[in-house]
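Thanks for coming, everyone. I'd like to take a few minutes to walk you through one model, so let me put it up on the screen.

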Protein chains: 2
Amino acid sequence: MYSILTMSTKKNVLDLHPYLRQTLDLIADKWVVAVLYVLSQNTRRYGELQREIGDISQRMLTRTLRDLERNGLVSRKVYLVVPPMVEYSLTPLGKTLNQVLKELCDWSTENFHDVEAARLSHDNSEQNRS
Amino acid sequence: MYSILTMSTKKNVLDLHPYLRQTLDLIADKWVVAVLYVLSQNTRRYGELQREIGDISQRMLTRTLRDLERNGLVSRKVYLVVPPMVEYSLTPLGKTLNQVLKELCDWSTENFHDVEAARLSHDNSEQNRS
DNA sequence: TGCTATACATACATATTTGTATGTATAGTA
DNA sequence: TACTATACATACAAATATGTATGTATAGCA
């Protein structure tokens, strides 16, 4: 990623690592990480996910799961019973992504207090009052 | 992150690692990564950033830089000359975050073709046609 | 017969993010 | 005098993401 030279002719920096942008789009939305997190522990049913995540609307849970499935990160297993039963679990690919998320989580644990401190001092300085 | 037990009483999974959510909010927007990436190479002036990123609007560049500054990831140095000159660079904190982004980038380089393959097979299967 | 449980779909409303167009300031230069 | 370069600010419009409310299907049970 960070070995780069001049770039006079190209249009967009992210052309250089096109997948990073798409990967960020993958994980950046409001619910993906929560779902991946819960599934990292175990297979879950739809209703279990909803209860454990807590404040996710059912529309968003469905959309998030569909996206994750389409992207090969989560697999869906339907049991033909009544009432319906569907189990979700991480794919091997999903598990590798979870590893990376763990690194991000570690960074945030170690460094986020610095971010908060920066915010405080910024918001308290004279120049940045509104 | 991923060592967890039962969670019958809490509301939201992400309460368990509150900073992850906020860190994701930090980096998840459309332009932050591009800016961090360009600055990882060197200090840049406002106009240089704009040219190198390419398709960012000036409003978004300004907002992104202000956010990054507020969060302590980027520092801003103003030279009192006419026409104005302002230099942006990464803070030490910003550099550590860039490390993590690099891991994400590595993941995407290694694995994103799997994601694309999953998408193709998903979109081509009978069940998922619209 | 009517009600329950489960896993959704869908129309519509609202909120948040991003983009576009235009304006501001000032020293130097033609 | 008018025009340039640079780094913004701001009002407004458009696009995208998210939430809410309601509907669907079916076996079993009271």
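I'll go from the symmetry to the DNA side, and then to a few local details.

Quick housekeeping: this is a predicted model, where local features need pLDDT of at least 70 and side-chain atom pairs count only at pLDDT 80 or more, while totals for chains, interfaces and linings use all residues. Residues are numbered from 1 along each chain as its sequence is written, chains are lettered from A and ligands numbered from 1 in the order in which they are written, and side-chain values use heavy atoms, with hydrogens and water left out.

Okay, the two protein chains. A turn of 180° with a shift of 0.0 Å along the axis lays chain A on chain B, with an RMSD of 0.1 Å; the fit is least squares on the C-alpha atoms of residues with pLDDT of at least 70 in both copies. That's the relation of a two-fold axis. Within chain A, Ala28(A) has the C-alpha nearest that axis, at 2.5 Å. And both copies use the same surface: 100% of chain A's contact residues recur in chain B, contact being heavy atoms within 4.5 Å.

Now, which residues are closest to DNA strand C? They're Gln58(A), Arg66(A), Arg76(A), Tyr88(A) and Arg59(B), out of 19 that surround the strand; to be near, a residue needs a heavy atom within 4 Å. On the DNA side, sugar and phosphate make up 57% of the strand C atoms that come within 4 Å of the protein.

Where does that surface come from? α4(A) gives the largest share, 4 residues. Elements here are DSSP runs numbered from the N terminus: helices are H or I, at least four residues, and strands are E, at least two.

Some phosphate oxygens of strand C have polar partners, meaning N or O atoms within 3.5 Å. A polar side-chain atom of Arg45(A) sits 3.0 Å from one, a backbone N or O atom of Gly47(A) is 3.1 Å from one, and a polar side-chain atom of Trp31(B) is also 3.1 Å from one.

Next, prolines. Most peptide bonds are trans. Val82(A) and Pro83(A), though, are joined by a cis one, omega about -5°, and Pro83(A) is in the loop between β2 and β3 of chain A. In chain B, the bond from Val82(B) to Pro83(B) is cis too, omega near -5°.

Last thing, cysteines: Cys105(A) counts as buried because its relative accessibility is 3%, and buried means under 20% relative accessible area with a 1.4 Å probe, protein chains only. Cys105(B) is buried at 3% as well.

Notes:
Polar contact = N/O pair within 3.5 Å; in protein donor to acceptor, adjacent residues only side chain to side chain. Buried < 20%, exposed > 50% of the residue type's maximum accessible area, 1.4 Å probe, protein only.
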